[in-house]
Amino acid sequence: MNRTRRTVLSTTALTLALSALVLTESAYAAKPVGSGKGATAEEKGGTDGTSIYAAARIKYTGAVTDNGSPGNVASSDVTWNPPPCWYAPYLGAKDFKKKMSKELKDSMSAPGMAGHAGAALDQMRRHYEDDYGWTDTPGYKDYNVDKDGKGMFWAAVENPNEPDILKRSSCNDIPFWVDEGEAPPPQYEEAIKPEMLADLAYQRMRLPKTKVSLAPENTTKVNLPTWAWLDKAAFDEVRATAAIDVPGFSISATTTAKPKSLTLNPGTEDATMLPAGGECPIVDGKIGEPYAKGKSKETPPCGIIYNRSSNGGTFPLKAALTWEISWTGTGQTGPVDMPDGTIEVVQEITVEEVQSINR
């Protein structure tokens, strides 16, 4: 029997009902079933001999942070954001029944669980047990246990690196079934897919902090060209991979970063950039040119001329290395472009006046 979800199970009642469900792991207390799954660097799966059990966790490999925090790459596109939440495979039918039925029973018997919240919990129970559904969400008979091993229930996952709690918790649909080999129902637009994994790998990517070589290195003179360059070793490609691999569902995406250009900011307006604008492109596999004896009167292809001294202090020279970012993954035949990324380092530069001798 179907009903319109919005009229039968109000958003407020559903929120109260979901808040009443407490998972076994204390870290996920008072969150929807499945909340937080996938938010680690590990992926776990298995079986109890009669049914599939899998908590789909995203596994990160390559140049990524090892503690789950965001990486050090800033996107050049201020509108680009990784997914704040998504839906991913959670449990097989028998395992889901065992977990969900217990949580529903415990929540419904809790003190004060009456009114709209209690009614919402009862509707959720009927939804999974008695084929009670809504217009776009069919119900299930006995938690789909007759299809155990032939699919999984999917549930919401919050991106722990999303600072906006409203965005992070916006995937608030209750767990839903997906047959093995089939795509999730179209209304679940946030169901995990390779391009989302690519975004998450981008978010976790850690690129090497590249120190720019300078000549003079730390102390230069007013109106004396300061040469800047990067060693060829800084131009290796960097890759980060995010993958989900559970019984009946396996996708992955690899995000690749390639150095593109170096942009210098002298830390003062009283300076001349070489070239104008301060962006030094990669030419013949290198950025800039190392200074060598005999080049003191030449103009460096990449560098700075400070027009005034730092008066006993320093100027914060900022060097931003721009990387071209792309991804490949499940279902893709070739690289797909993503917004460029940048890594910025700051080097303190002392600028002194040229001392002249009057005779």
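A salt bridge is a side-chain nitrogen of Lys or Arg within 4 Å of a carboxyl oxygen of Asp or Glu. Keep that in mind as you look at this structure, which is a predicted model. A search of the whole structure turns up 14 salt bridges, and a few of them are worth a look.

**Helix α4**

Let's start with helix α4, which runs over residues 115-129. Does its length add up? What span should its 15 residues have at 1.5 Å a residue? The expected value is 21 Å, and the end C-alpha atoms are 21 Å apart, so the two agree.

Part of this helix is tucked away: Ala117, Gly118, Ala120, Leu121, Gln123, Met124, His127 and Tyr128 are buried. Arginine 125, on the other hand, is partly exposed, at 24% relative accessibility. Glutamate 129 counts as partly exposed too, with a relative accessible area of 28%.

Those two residues meet through their side chains in a salt bridge. Why can they pair up along the helix? They sit 4 residues apart in α4, which means about one helical turn separates them. An α-helix has 3.6 residues a turn, so residues three or four places apart point the same way.

Arginine 125 also has a salt bridge with aspartate 130, a residue that is partly exposed at 47% relative accessible area. Just after α4, aspartate 131 takes a positive phi of about 65°.

**Salt bridges side by side**

| Pair | N to O distance |
|---|---|
| Glutamate 129 and arginine 125 | 3.0 Å |
| Arginine 125 and aspartate 130 | 3.6 Å |
| Lysine 147 and aspartate 179 | 2.7 Å |

What does the lysine 147 and aspartate 179 pair tie together? Lysine 147 is in the loop between β7 (133-134) and β8, while aspartate 179 is in strand β9, so the bridge links parts that are 32 residues apart in sequence. Lysine 147 is partly exposed at 26% relative accessibility, and aspartate 179 is partly exposed at 30%. Back around α4, salt bridges with shared partners join Asp122, Arg125, Glu129 and Asp130 into one network.

**The second largest pocket**

Aspartate 179 shows up again here. The second largest pocket holds about 200 Å³ of space. It is lined by 15 residues, and the closest to its centre are Asp179, Gly181, Glu182, Gly248 and Phe249. Which elements give two or more residues to this lining? They are β8 (151-158) and β9 (176-179), with β8 giving the most, at 3 residues. Sorted by class, the lining has 9 nonpolar, 3 polar and 3 charged residues.

Conventions
Residues numbered from 1 in each chain as written. Predicted model: local features only at pLDDT ≥ 70, side-chain atom pairs only at ≥ 80, totals over all residues. Heavy atoms only, no water. Expected span 1.5 Å × (residues − 1). Buried < 20%, exposed > 50% of the residue type's maximum accessible area, 1.4 Å probe, protein only. 1 Å grid on protein atoms, 1.4 Å probe; cavity = no way out; pocket = protein on both sides within 12 Å on 5 of 7 lines; lining within 4 Å. Points joined across faces, edges and corners; volume = space filled by probe spheres on them. Nonpolar A, V, L, I, M, F, W, Y, C, P; charged D, E, K, R; others polar.
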